[in-house]
Amino acid sequence: MALIEYNNVEVLRKELVVLKGVSFAVEPGQMIYLIGKVGSGKSSLLKTMYAEVPVASGEARIFDYDLTALRRRDIPYLRRRIGIVFQDFRLLSDRNVYANLDFVLSATGWRDAREREERIDEVLRAVDMADKSYKMPHELSGGEQQRVVIARALLNRPELILADEPTGNLDPATGARIVERLHSLTASTGAAVIMATHNLSLVDTYPGRVMRIENKRLVTE
């Protein structure tokens, strides 16, 4: 069963059409690159998947949620099944790496402190950051911060990981390592990864399915 199914979807921002006629499906374990120029609507499409931007018309389903009829009280439950990797990290600057991750687990219903500690250790090991849990965000390089963000995205064992220009603030070599790590997650966790980017060289190095936005429409390759 597909994780995501969109059929003839239209997306509006401030009553202006951003995307129209969008149709695609995403299966578990797929690595998908969402490419297009800056401002083409990549971020808007990703935001529809976690209900930050509404679907104006068409059919849109993610997991067992109908995005066109999603109740406000269901949004937190939808988002718990999605890991989100932001370009600008969005780490809490007043607490260390461990506390950043513990905050997320506590906020999403993990009551047992030992279970939280074990899960944090697991995800930090998965991104080779187990020895940096005591560090404050400002003490980390951009690449290290992005690895922490990936660890944060993995905490609740998501079925889908959305990465919005995750290499945009990184140098090319560091960015490539981040994409390599995201690419490997599809095999190690079975999650699907959708990564928005305008860096076409990454697609050649780490193969995956390509979806391209052109003239407000989505073209699948």
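Which residues in H3 meet which residues in H4? In this predicted model, the H3 side of the contact consists of Val97, Tyr98, Leu101, Asp102, Leu105 and Ser106. The H4 side consists of Arg116, Glu117, Arg119, Ile120, Val123 and Leu124. Sorted by class, the residues where H3 touches H4 comprise 7 nonpolar, 1 polar and 4 charged. Helix H3 covers residues 97–107 and helix H4 covers residues 113–126. The two helices pack at an angle of about 120°, and their axes are 10 Å apart. H3 is therefore oblique to H4, since angles from 65 to 115 degrees would count as roughly perpendicular and those over 145 as roughly antiparallel. The crossing in which H3 passes H4 is right-handed.

H3 also packs against helix H5, which spans residues 142–154. The axes of H3 and H5 come within 10 Å of each other and cross at roughly 25°. This angle makes H3 roughly parallel to H5, because angles under 35 degrees are counted in that way. The crossing of this pair is right-handed. From H3, the contact with H5 uses Val97, Leu101 and Val104. From H5, Val148, Ala151 and Arg152 take part. The contact of H3 with H5 contains 5 nonpolar residues, no polar residues and 1 charged residue. Val97 and Leu101 of H3 thus appear in the contact with H5 and are also listed in the contact with H4.

A further helix pair is formed by H5 and H6, the latter being the helix of residues 172–189. Their axes come within 10 Å and cross at roughly 15°. H5 and H6 are therefore roughly parallel to each other. H5 passes H6 in a right-handed crossing. On the H5 side, the residues in contact are Gly143, Gln146, Arg147, Ile150 and Leu154. On the H6 side, they are Thr174, Ile178, Arg181, Leu182 and Leu185. By class, 5 of the residues in the contact of H5 with H6 are nonpolar, 3 are polar and 2 are charged.

Open spaces were examined next. The largest pocket has a volume of about 640 Å³. It is lined by 20 residues, of which Arg79, Ile82, Ile84, Val104 and Thr108 are the closest to its centre. Two or more lining residues come from each of helix H2 (75–80), E6, H3 and H5. H3 makes the greatest contribution to this lining, with 4 residues. In the lining of the largest pocket, 11 residues are nonpolar, 4 are polar and 5 are charged. Val104, listed among the residues closest to the centre of the largest pocket, belongs to H3 and is also part of the contact with H5.

The second largest pocket holds about 180 Å³ of space. Of its 14 lining residues, those closest to the centre are Arg119, Leu154, Arg157, Pro158 and Thr189. H4 and H6 each supply at least two residues of this lining. H4 gives the most, with 4 residues. The lining of the second largest pocket divides by class into 8 nonpolar, 2 polar and 4 charged residues. Two of the residues closest to the centre of this pocket, Arg119 and Leu154, also occur in helix contacts: Arg119 lies on the H4 side of the contact with H3, and Leu154 lies on the H5 side of the contact with H6.

Enclosed space was also searched for. Across the whole structure, 1 cavity of 30 Å³ or more is found. The largest cavity contains about 40 Å³ of space. Its lining is made up of Leu46, Tyr50, Ile84, Val85, Phe86, Leu162, Ala163 and Asp164. Strand E6 (82–85) and strand E7 (160–164) are the elements that give two or more residues to the lining of this cavity. E7 gives the most, with 3 residues. By class, the lining of the largest cavity has 7 nonpolar residues, no polar residues and 1 charged residue. Ile84 is one of the residues lining the largest cavity, and Ile84 is also listed among those closest to the centre of the largest pocket.

Key: Residues numbered from 1 in each chain as written. Predicted model: local features only at pLDDT ≥ 70, side-chain atom pairs only at ≥ 80, totals over all residues. Heavy atoms only, no water. Axes fitted to C-alpha atoms, helices over the stretch in contact; angles between N-to-C directions. Left-handed = near helix turned anticlockwise from the far one by under 90°. Contact = heavy atoms within 4.5 Å. Nonpolar A, V, L, I, M, F, W, Y, C, P; charged D, E, K, R; others polar. 1 Å grid on protein atoms, 1.4 Å probe; cavity = no way out; pocket = protein on both sides within 12 Å on 5 of 7 lines; lining within 4 Å. Points joined across faces, edges and corners; volume = space filled by probe spheres on them.
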